[in-house]
Amino acid sequence: MRTSFHPRLINDSFSDPGLFVSFLYQRRAILFDLGDLRNLAPRELMKVSHVFVTHAHVDHFIGFDVLLRVLLGREKEIHLFGPPEFFARVEGKLAGYTWNLVEEYEYGLSVKVTEVWPQKLKTRTYLCEKRFAPAGAEREEPFSGTLLKEPSFRMEGVLLDHRIPCLGLSLVENFSINIDKEALKALELPVGPWLTLFKKVLYDQGDLSQPFPVTWEEGGRVVKEKSFILGELAQKIARISPGQKIAYISDAAGTQENLAKAENLARNADNLYIEAAFLERDREIAQRKSHLTAKEAGTLARKAGVKKLTLFHFSPRYADMAKELEREAMEAFTGRE
């Protein structure tokens, strides 16, 4: 079965952290962290709807300017999540530029920023047409682990200790709807934007007896339409399977409390993306810098029961030793250490 989410690390294991998650059959993506974004094309950045920044150290946040530059002048709403004091970090970035021409833009950009606190979420909106001054009242709501909830998935978060609060993240799909392309061909149906709506209605658990329109489009215009009963069409072209879970842990001290929180967050993940900054023999340095060792990363993944382990954020001191870091983590992951 093809999965609905397609994650990939933006950079190699020694470069700035970041995970790009694209959505199948949708012009949409989610970003974990905003480090160096040069490996993402503008067309990919324009798909981003939500960004989850673990913390505002430069290697996790310098890409904010690149994203902002690509989205300026477009009719777009972008959502950013970050740890406590994140408003000040974003406002500092926005204050670094002169915005006297934005009133002339035909389309407006809206930036919604959410600070994640232990028991609450605080949200402010910044409008391009208002020179990115905060617009309207700040919104506050309780937080008990869920940052974002949509019909098809939710984003879970936890605050870890990196000598500052640092977000650990988990993208959890409720269930996966895969489209059988051979079935589409047999019915002579096109691949197109209608599939996004079709999957959304199924995720929303819509009435299966209702009619559903399949459309043919050319140049963005509907040129043909055919109606089906939703449930009958789903039986023919949709394959339902358990959803996937993607966890992302970067920059966390290897304390018992941190490891317990991270293990719980990553429980049964299909893929855990996790930092492995230092070798176990340099654990003292790792503790001093509040990072995980490769062995700690592998052990955490094993205890959490994850299916696949993907490492990143290696210290540059190991520039020629990537395989050693990977070996140490994988030995701990498979229980061979």
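**Exercise 1. Describe the order of the eight strands in the open sheet and find which strands stand at its edges.**

Solution. Eight strands, taken as DSSP runs of E of at least two residues and numbered from the N terminus, form an open sheet in the order β1-β2-β3-β4-β5-β6-β7-β8, with mixed pairing; two strands pair if DSSP finds at least two bridges between them. At the edges stand β1 (5–9) and β8 (134–142), each with a single partner strand, so one side of each is left without a neighbour in the sheet. Neighbouring strands of this sheet are turned by 15° against each other on average, direction ignored, where axes are lines fitted to C-alpha atoms, for helices over the stretch in contact, and angles run from 0 to 180 degrees between N-to-C directions.

The model is predicted, so that local features need pLDDT of at least 70 and side-chain atom pairs count only at pLDDT 80 or more, while totals for chains, interfaces and linings use all residues. Residues are numbered from 1 along each chain as its sequence is written, and side-chain values use heavy atoms, with hydrogens and water left out.

**Exercise 2. Work out in which sense β3 and β4 pair, and which residue of β4 is the bridge partner of Ile 30.**

Solution. Strand β3 (residues 29–32) pairs with strand β4 (residues 48–52) in the parallel sense, over four bridges. Within β4, the bridge partner of Ile 30 is His 50.

**Exercise 3. Identify the strands that helix α3 lies across, and trace its share of the largest nonpolar core.**

Solution. Helix α3 (residues 64–71), helices being DSSP runs of H or I of at least four residues, lies across β4, β5 (76–82) and β6 (109–116), and runs at about 165° to β5. The largest nonpolar core has 32 residues, of which Leu 31, Leu 34, Val 51, Leu 80, Leu 109 and Phe 132 touch the most other members; such a core is a set of buried Ala, Val, Leu, Ile, Met, Phe, Trp, Tyr and Cys residues joined through side-chain atoms within 4.5 Å, and buried means under 20% relative accessible area (1.4 Å probe, protein chains only). The largest share of this core, five residues, comes from α3. Leaving aside neighbours within four places in sequence, Phe 132 is in contact (heavy atoms within 4.5 Å) with several residues, including Leu 68, Leu 94 and Trp 99.

**Exercise 4. Decide how β12 is covered and how it pairs with β15.**

Solution. Strand β12 (residues 175–179) is mostly covered, since four of its five residues are buried. With strand β15 (residues 238–242), β12 pairs in the antiparallel sense over five bridges, and Ile 179 stands opposite Ala 238 in β15.

Definitions and conventions: Buried < 20%, exposed > 50% of the residue type's maximum accessible area, 1.4 Å probe, protein only.
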